[in-house]
Amino acid sequence: MPKKDRTFAAKLAHEARTVVREACPVCGKERVAAVFYAAIYNEDGFWRPQRRRVKICDCNRKEIYG
């Protein structure tokens, strides 16, 4: 019998338990992990999305969100 996959809620709960919380060395606030999507353009003018995981705190919030 095949193994049952976890539900989306179970995956989120697992990620919330395993995320390591760290403090920013500059401002001292907790850094929150987020997914950042950016448009990367090549020399032909076409673009593709780039997905990066970044940690956001008060120091870099303005440069991430604009």
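Hi everyone, let me begin with a count: there are four salt bridges in this structure. Please keep in mind that what you have in front of you is a predicted model. I'll walk you through the sheet, and then come back to the charged side chains.

So, the sheet. It is an open one with three strands, in the order S1-S2-S3, and the pairing is antiparallel. At the edges sit strand S1, residues 22-23, and strand S3, residues 47-56, each of which pairs on one side only.

How many bridges hold S1 and S2 together? Two: strand S2 covers residues 30-41, and its pairing with S1 is antiparallel. One contact to look for is Glu-22, whose bridge partner in S2 is Arg-31. Now turn to S2 and S3, where the antiparallel pairing runs over ten bridges. If you want two places to find it on your screen, look at Val-32, which stands opposite Ile-56 in S3, and at Ile-40, which faces Arg-48 in S3.

While we are on S3, have a look at Pro-49, which lies in that strand. Is Pro-49 buried or exposed? It counts as exposed, because its relative accessible area is 54%, and the cut-off for exposed is over 50%. Ala-38 is eleven residues away from Pro-49 along the chain, and the C-alpha atoms of the two are separated by 5.7 Å.

Next, the turns. The hairpin of S1 and S2 has six residues between the strands, and in it Gly-28 takes a positive phi near 85 degrees. The hairpin of S2 and S3 has five residues between its strands, and there Gly-45 has a positive phi near 95 degrees.

Now back to the salt bridges. As a general point, side chains of opposite charge can pair when their charged atoms come close. Let's start with a pair we have already met: Arg-31 and Glu-22 are bridge partners in the sheet, and their side chains also meet in a salt bridge, at 3.0 Å from N to O. How accessible are they? Arg-31 is partly exposed, with a relative accessible area of 25%, and Glu-22 is partly exposed too, at 31%. There is a third member here, since Glu-22, Arg-31 and Lys-55 are linked in a network of salt bridges.

Then there is Asp-58, which you will find in the loop between S3 and H2. Which side chain does Asp-58 meet at 3.2 Å, N to O? That is Lys-29, and the two form a salt bridge. This pair links distant parts of the chain: Lys-29 is in the loop between S1 and S2, Asp-58 is in the loop between S3 and helix H2 (61-65), and they are 29 residues apart. Asp-58 is partly exposed, with a relative accessible area of 43%, and Lys-29 is partly exposed at 46%.

Asp-58 has another partner as well: it forms a salt bridge with Arg-61, with the closest N and O atoms 3.8 Å apart. Arg-61 counts as partly exposed, because its relative accessibility is 37%. And remember Gly-28, the glycine with the positive phi in the hairpin of S1 and S2? The C-alpha atoms of Gly-28 and Asp-58 are separated by 9.1 Å, while the two residues are 30 apart along the chain.

Last stop, the surface. Which residues form a positive surface patch? They are Lys-3, Arg-6, Lys-11 and Arg-17. Let me pick out Arg-17, which is found in helix H1, residues 8-18. Arg-17 is exposed, because its relative accessible area is 63%, and exposed here means over 50%.

To wrap up, here is what I would like you to take away. The open sheet has the order S1-S2-S3, with two bridges between S1 and S2 and ten between S2 and S3. Among the salt bridges, one joins Arg-31 and Glu-22, and Asp-58 pairs with Lys-29 and with Arg-61. Arg-17, meanwhile, belongs to the positive surface patch. Thanks for listening!

Conventions:
Residues are numbered from 1 along each chain as its sequence is written. This is a predicted model: local features need pLDDT of at least 70, side-chain atom pairs count only at pLDDT 80 or more; totals for chains, interfaces and linings use all residues. Side-chain values use heavy atoms; hydrogens and water are left out. Two strands pair if DSSP finds at least two bridges between them. Helices (H or I, at least four residues) and strands (E, at least two) are DSSP runs, numbered from the N terminus. Patches are made of residues with over 30% relative accessible area and no salt bridge: like charges are joined within 9 Å, nonpolar side chains (Val, Leu, Ile, Met, Phe, Trp, Tyr) within 5 Å. Accessible areas come from the Shrake-Rupley method with a 1.4 Å probe; for residues, only the protein chains shown count as cover. Lys and Arg count as positive and Asp and Glu as negative; His and the chain ends are not counted. The place of a charge is taken as NZ of Lys, CZ of Arg, CG of Asp or CD of Glu. Buried means under 20% relative accessible area, exposed over 50%, partly exposed in between (1.4 Å probe, protein chains only).
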